[in-house]
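Colleague: Could you take me through a few features of this structure? I would like to see the reasoning behind each answer.

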Amino acid sequence: MNKRFYIATAITAALGVAALMTPAHAAATDPTTPTSTSSSSTKSKTSKDTTPKVIPAATIVSTEDYDQPLPYHMKSGYVYTTSGLNKTLGSAKNFAKITWYTYKKAVIDRSAQGNSVWYYVKSGSGKQSGWVWHGSLQDISEGTFNIAMKNSDYFKSDKIITMGDSITAGYDGYETLDAGYPTWLSRYLGTTVDNAAYNGAFLCDAGDMSTPGDLGTTVSDTNFAKYDVATIAYGTNDYGHTDSTIDQIKNTLDSNIKKMKAENKNLIIYGFLPITRYDNNQNSDDIVGQAGYTMNELRAAEAQVYEDNNVPYLNWADVDPDLITDANHIDRFNDGRLHPAAKTYQLMARDIAKFMIDNFPKDQIKKSTSTKKTTTKSTTATKKTTTKTSTNY
């Protein structure tokens, strides 16, 4: 009796184990086997979470093209890949060091928010483009747009004055821009720049044509004890519109440099030679101007004075020979003749800033920066410069 009971119990137990094992094995090997109710709920919830949210595409109401792209940086918001505004390229944080140029203005109807003004923009390098809400853009002279170059800390706390004619003033042939090269200098060097340039200014006394911004007048009216750095950029108007001789050019430039140094013996001075003109679509380098000399002869005369006074001078033919050429002057000059376009002013400023850093007097480099700190800063600045070069223009 007991033996039969034990046998029956053993058989029942074996069958029970087999019954328990069979569905578990099926569930593990057959991916189509329905799962429990709790598993179905999880799957349904997961599917709901991964479903992309559909954003209705916006539509353009009206557009307006710009004759000249002007520079901005992003202070907030996003760049959208199309005027439909339903896919982003990135946020202001992603493009913190990018200069954006506006090519088109549009009123866009965004169903969720109504009509608003947007700009079609391209980065200075041309590698990125898209649509940005107008309120997300800020003029490059405003805000905290930091694109300081490597070793720009040489100029930390220094105050700079820029003197010159319409090209230093930021004139583009039709209007004076806020973003001329002195404005860019303040960003690339990370310091204050006062622009004392004047449209139509001359290096020499031009008689009835003289302006308040001529070199002699500006030097007389400026207290150079208040400045650490001064830049001089004159000559193109003397070449094109006066009878000032080469000797007058040299004497006037020499006497004013000496006056500036006498007023501030620690003043750092840089000279910038004139860029090429294209009057009547002709390269002026070897064309005799009104006063009887070529642009190259004018540059040579100025260069000699700068050398005699130990003033480093920027010659565009050496620093950036491709800045203005016979092939690109129509595009690089906004008027096709003499006055740079906004994007050209940025190129000029980068060349000038690098030249000023490279030619900064070694004995005036701030002594408060230790060798260890300098190495750390240089490493960081190098990284920033690499980023800027590849994306900023």
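Modeller: The questions below deal with one helix and its partner, then with pairs of aromatic rings, in a predicted model.

Colleague: How is helix 4 oriented to helix 11: roughly parallel, roughly perpendicular or oblique?

Modeller: Helix 4 covers residues 181-188 and helix 11 covers residues 342-358; their axes come within 8 Å and cross at roughly 50 degrees. Angles under 35 degrees would count as roughly parallel, and 65 to 115 as roughly perpendicular. The crossing angle therefore makes helix 4, relative to helix 11, oblique.

Colleague: Which class of residue has ten members in the contact of helix 4 with helix 11?

Modeller: From helix 4, Tyr181, Trp184, Leu185 and Tyr188 take part, and they meet residues of helix 11 that include Tyr345, Gln346, Arg350 and Met356. By class, this contact has one polar and one charged residue, and the other ten are nonpolar.

Colleague: How many of the eight residues of helix 4 are buried?

Modeller: A residue counts as buried under 20% relative accessible area. In helix 4 this holds for Tyr181, Pro182, Thr183, Trp184, Leu185, Arg187 and Tyr188. Helix 4 is therefore largely enclosed by the rest of the structure, and its number of buried residues is seven.

Colleague: Which residue just after helix 4 takes a positive phi?

Modeller: The place to look is just after helix 4, where a phi of about 65 degrees is found. The residue with this positive phi is glycine 190.

Colleague: What kind of aromatic pair do tyrosine 120 and tryptophan 131 form?

Modeller: The structure holds 13 aromatic pairs. In the pair of tyrosine 120 and tryptophan 131, the rings are 5.5 Å apart centre to centre, with 50 degrees between the planes. Planes under 30 degrees apart would count as stacked, and over 60 as edge-to-face. The pair of tyrosine 120 and tryptophan 131 is therefore tilted.

Colleague: Is tryptophan 131 buried or exposed?

Modeller: Tyrosine 120, its partner, has a relative accessible area of 22% and is partly exposed. Tryptophan 131 has a relative accessibility of 7%, so tryptophan 131 counts as buried.

Colleague: How many residues apart in sequence are the parts tied together by tyrosine 239 and tyrosine 293?

Modeller: The rings of tyrosine 239 and tyrosine 293 have centres 6.5 Å apart and planes at 50 degrees, so this pair is tilted. Tyrosine 239 lies in helix 6, whereas tyrosine 293 lies in the loop between strand 12 and helix 8. The parts this pair ties together are apart in sequence by 54 residues.

Key: Residues are numbered from 1 along each chain as its sequence is written. This is a predicted model: local features need pLDDT of at least 70, side-chain atom pairs count only at pLDDT 80 or more; totals for chains, interfaces and linings use all residues. Side-chain values use heavy atoms; hydrogens and water are left out. Axes are lines fitted to C-alpha atoms, for helices over the stretch in contact, and angles run from 0 to 180 degrees between N-to-C directions. Helices (H or I, at least four residues) and strands (E, at least two) are DSSP runs, numbered from the N terminus. Angles under 35 degrees count as roughly parallel, over 145 as roughly antiparallel, 65 to 115 as roughly perpendicular and the rest as oblique. Contact means heavy atoms within 4.5 Å. Ala, Val, Leu, Ile, Met, Phe, Trp, Tyr, Cys and Pro count as nonpolar, Asp, Glu, Lys and Arg as charged, and the others, Gly among them, as polar. Buried means under 20% relative accessible area, exposed over 50%, partly exposed in between (1.4 Å probe, protein chains only). Rings of Phe, Tyr and Trp (its six-membered ring) pair if their centres lie within 6.5 Å; planes under 30 degrees apart count as stacked, over 60 as edge-to-face and the rest as tilted.
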